Amino acid sequence: MDPAEKKARDLLKDLYDRTPCMPIMVRLAWHDSGSYSAKDNTGGANATIRYSPESDIDANKGLDIARNLLEPIKEQVASMSYADLYQLSSVAAIEYAGGPKIPFRLGRKDKPKEDCSPDGRLPDATKRMPHLRDIFYRMGFNDKEIVLLSGAHCLGKAHPERSGFEGPWTTEPLKFDNTYFKEILKPDADPNLLRLASDMALLDEEETKKLVEAYAADQDLFFKEYAVAHQKLSELGCQF
Ligand code: TBV
């Protein structure tokens, strides 16, 4: 393993031991890479999320917290790009939280402020399957990958001051597992847990609902397929 990657992984582990910030790191990495458009090959995991105007869009509210937590680590692995560090922090967070080991390689390039992605590239939590398809197909994903990546909502919670929504999706939001799928399949929602329209959208159609059921029933299958989809997400718009 590259010495900088090893060092960053050690420092991230120390950070997660001290501060349970694994979920927001997964969100930071997703919002950086999820700006990708396969139509014109713009956006992607290029760290433009740290510049205005991209840093200021509503969908990215609160992510300065994640970036600030990573700054002391970046100083100690100066040779690593921000884009690599953001994606590594997410992959390491998922592993730390008990999730699958996600294949990772270094080599993402940081792009300048001028290459900031426009607003509107990330999904809207109030919309359903047709919208999710528009957004995820633009990144080059299919229906199965939409279901798999949504499983990342097993981690973390929504914050009223960031998104206007409130609460975790599962009862153990610092654990990466398949309970997100189990919760959305329950006919009666747990009143303490969050269900967004976009979460329930996965049950709108027979094909995606079957996948939710399969991942709820088989965590090993979820982990195996999630790792592949997440690696793809972490490399959008990048050449190695
Ligand atoms: C947080 C949005 C990873 N996602 C999160 C919030 C909201 C959404 C709360 C932010 C806050 O208030 O702090 C509102 N959920 C959505 C949207 C849709 C949805 C827009 C539309 C379909 N999410 C995600 C992927 C991944 C995540 C692909 C990672 C692979 N998101 C994520 C985490 C957290 C949020 C880990 O999007 C918790 C952060 C596929 C924290 O605890 O700070 C679900 C999908 O369904 C859209």
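A polar contact here is a pair of N or O atoms within 3.5 Å; within protein, one must be able to donate a hydrogen and the other to accept it, and residues adjacent in sequence count only if both atoms are side-chain atoms. This is a predicted model, where local features need pLDDT of at least 70 and side-chain atom pairs count only at pLDDT 80 or more, while totals for chains, interfaces and linings use all residues. Residues are numbered from 1 along each chain as its sequence is written, and side-chain values use heavy atoms, with hydrogens and water left out.

**View 1. Polar contacts of the ligand.** Start with Trp-30, where an N or O atom of the side chain is 3.3 Å from a nitrogen atom of the ligand. His-159 takes part through its backbone, with a polar atom 2.7 Å from a ligand oxygen. At Ser-163, a polar side-chain atom lies 2.6 Å from an oxygen atom of the ligand. On its own the ligand has 870 Å² of accessible area, and the protein covers 95% of that (Shrake-Rupley method, 1.4 Å probe).

**View 2. The shell around the ligand.** Here you meet 28 residues around the ligand, each with a heavy atom within 4 Å of it. Leu-132, His-153, His-159, Ser-163 and Ser-198 come nearest. By type, the shell divides into 17 nonpolar, 6 polar and 5 charged residues (Ala, Val, Leu, Ile, Met, Phe, Trp, Tyr, Cys and Pro are nonpolar, Asp, Glu, Lys and Arg charged, and the others, Gly among them, polar).

**View 3. Where the shell comes from.** Elements that each supply at least two shell residues include α2 (22-33), α5 (129-139), β1 (157-158) and α10 (219-234); helices (H or I, at least four residues) and strands (E, at least two) are DSSP runs, numbered from the N terminus. The largest share, 5 residues, comes from α2. Domain 1 (3-120) and domain 2 (129-232) each give at least three residues to the shell, with bounds from an automatic or database domain assignment.

**View 4. The loop between α2 and α3.** Most residues other than glycine have a negative phi, and most peptide bonds are trans. Pro-53 lies in this loop, before α3 (63-76), and the peptide bond from Ser-52 to Pro-53 is cis, with omega near 10°. Asn-41 is also placed in the loop, with a positive phi near 55°. Ala-47, found there too, has a positive phi of about 65°.
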